[in-house]
Amino acid sequence: MSQMFVQGETIAAIATAVVPQQGSVGIVRVSGEKAVAIAHTLFFAPGRQQWESHRILYGYIRHPQTQQVVDEALLLIMQAPRSYTREDVVEFHCHGGIMPVQQVLQLCLEAGARLAQPGEFTLRAFLNGRLDLTQAESISDLVGAKSPQAAQSALAGLQGKLQKPIRSVRATCLDILAEIEARIDFEEDLPPLDEKHITAQIEKILAETTKILATADKGELLRAGLKVAIVGRPNVGKSSLLNAWSKSDRAIVTDLPGTTRDVVESQLVVGGIPVQVLDTAGIRDTLDRVEKIGVERSLASAQAADLVLLTIDAQLGWTPAEQEIYEQVQHRPLILVINKTDLVETQFIASLQYPDNINRIIYTSAAQNQGIDALEKAILDAVHTGNLKAADLDLAINQRQAAALTKAKISLQQVKATIADQLPLDFWTIDLRGAIQALGEITGEEVTESVLDRIFSRFCIGK
């Protein structure tokens, strides 16, 4: 963050999405030394309601000078340290929409708060010791989760499922470092160092780091999802396939070739993985200017997709037109989808010819809703995640964590090599310190302002 946490400053922000005529409740959150005083200035609680921590008050938010009522609202008071930031926090629960929360926020700013920066509430929770850095990142993942499995993985991180093994590994490294440094400083007073025991400890640590690192690809897949493009000639059933798959009528389906003129998107979840499915315009040579633009976008979508579903008509089989499309997308991971199988005999389907290097082939009848399960299984197999289960999601590290853990692993491997080469103890400590620092970067025990800036700038304002 360009402006880091300053002790004593009070911050305020809208903590809920502002959607015109759709949000039923809007929350303005205030945190800092002046939070409760601001609440007293703006909130009128009729009757004999008690202003106590963790009690909800009913009343009105009023302009402090004019006493004009801005909104009928609820007030939640959470005094330090029993709050999200471990500071005094108040929340004004207003009516949803644009104007109520905007007016209340403005009154909070006029009363002495400043507008919070993105992620500043969570940054304060981290700096005040309520969360470590892995938990803070898990909050961001939870807010942005695109599937139940991604949300569960984020929740596991928030509960410390990554923090605990990383801190345990780092603690072991610190113990080893202390033992080595003791021998350096007091060599004559202590027994010889047990090199075999230290090597065994490092090997155990390396095994644990390797196990955690193996979750990086899975974590990235859960967070970012998979982009799948359905491509093919016009009228092979691409739109029907999307509709059958998504169980909706996202795409227009007719008997006329070239109906889809642009890329149609649908968001699905397959085996716990968020999948963005792109139904593209039929690819063919055309003089129609609009359709030509659609074809160009289709090819661009295929080039950017993680996986291409090349769809053909079982009645027509593999034609020169399919070969031309295939030559443009064959460098991408690809599944051949033979659609409209309900319109031809089984023996005819078996006789269809296609390139030998296509090894994933699925037979579907979108009109009859057949073959969708097989298609989903093929997609999971294609990304090597067919065994992705909710029970496997306790650890799913992100790219930043994976980079730091890789640095730690390399340093530990170097320590092991240094021991094997019988180098002096001073050399052991150099790489051991490197591993300790890298592990500390994951949890936040060793972290720079630039790293915090990069992490928390991705948060929304109000979180």
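# Exercises on a predicted protein model

Glutamine 414 is found in helix 14 (residues 399-420), where helices (H or I, at least four residues) and strands (E, at least two) are DSSP runs, numbered from the N terminus. The structure is a predicted model, in which local features need pLDDT of at least 70 and side-chain atom pairs count only at pLDDT 80 or more, while totals for chains, interfaces and linings use all residues. Residues are numbered from 1 along each chain as its sequence is written, and side-chain values use heavy atoms, with hydrogens and water left out.

## Exercise 1: glutamine residues in helices

Classify glutamine 414 and glutamine 135 by their relative accessibility, and describe what surrounds each of them.

Step 1. We begin with the rule, by which a residue is buried under 20% relative accessible area, exposed over 50%, and partly exposed in between, using a 1.4 Å probe and protein chains only.

Step 2. Glutamine 414 has a relative accessibility of 40%, and therefore counts as partly exposed. Its C-alpha atom is separated by 9.8 Å from that of alanine 435, which is 21 residues apart from it along the chain.

Step 3. Glutamine 135 lies in helix 4 (residues 133-143), and because its relative accessible area is 11%, glutamine 135 is buried. When residues up to four places away in sequence are not counted, glutamine 135 touches Arg130, Gly157, Leu158, Gln159, Gly160 and Gln163, a contact being heavy atoms within 4.5 Å.

## Exercise 2: following a sheet

Trace the open sheet of 7 strands, and find where its strands pair.

Step 1. Two strands pair if DSSP finds at least two bridges between them. The order of the strands in this open sheet is 3-4-5-6-2-1-7, and the pairing is mixed. Strand 3 (43-44) and strand 7 (114-115) are the edge strands, each of which pairs on one side only.

Step 2. Starting from the edge, we see that strand 3 and strand 4 (residues 55-62) run antiparallel and are joined by 2 bridges, with phenylalanine 44 standing opposite tyrosine 60 in strand 4.

Step 3. Strand 4 also pairs with strand 5 (residues 69-78) in the antiparallel sense, over 8 bridges, and here arginine 55 stands opposite isoleucine 77. These two strands form a hairpin with 6 residues between them, and in the turn glutamine 67 has a positive phi of about 65 degrees.

Step 4. Further along, strand 2 (residues 25-31) and strand 6 (residues 89-95) pair in the antiparallel sense over 7 bridges, and glutamate 91 in strand 6 is the bridge partner of arginine 29.

Step 5. Helix 3 (residues 120-127) lies across strand 1 (11-14), strand 2 and strand 7, and runs at about 135 degrees to strand 1; axes are lines fitted to C-alpha atoms, for helices over the stretch in contact, and angles run from 0 to 180 degrees between N-to-C directions.

## Exercise 3: rings and charges

Describe the aromatic pairs of phenylalanine 456, and then find the rings that have a charged end of arginine 29 or arginine 62 over them.

Step 1. Rings of Phe, Tyr and Trp (its six-membered ring) pair if their centres lie within 6.5 Å, and planes under 30 degrees apart count as stacked, over 60 as edge-to-face and the rest as tilted. By this rule the count comes to 5 aromatic pairs.

Step 2. Phenylalanine 126 and phenylalanine 456 have ring centres 6.4 Å apart and planes at 35 degrees, so this pair is tilted. The pair links distant parts of the chain, since phenylalanine 126 is in helix 3 and phenylalanine 456 is in helix 16 (residues 449-456), 330 residues apart.

Step 3. Phenylalanine 456 also forms a tilted pair with phenylalanine 459, at 5.2 Å centre to centre and 35 degrees between the planes. Phe126, Phe456 and Phe459 thus form one aromatic cluster. Phenylalanine 126 counts as buried at 11% relative accessibility, phenylalanine 456 counts as buried at 0%, and phenylalanine 459 is buried too.

Step 4. A charge sits over a ring if NZ of Lys or CZ of Arg is within 6 Å of the ring centre and within 35 degrees of the ring normal. The charged end of arginine 29 sits over the ring of phenylalanine 121, 5.6 Å from its centre, and that of arginine 62 sits over the ring of phenylalanine 44, 4.3 Å from its centre.
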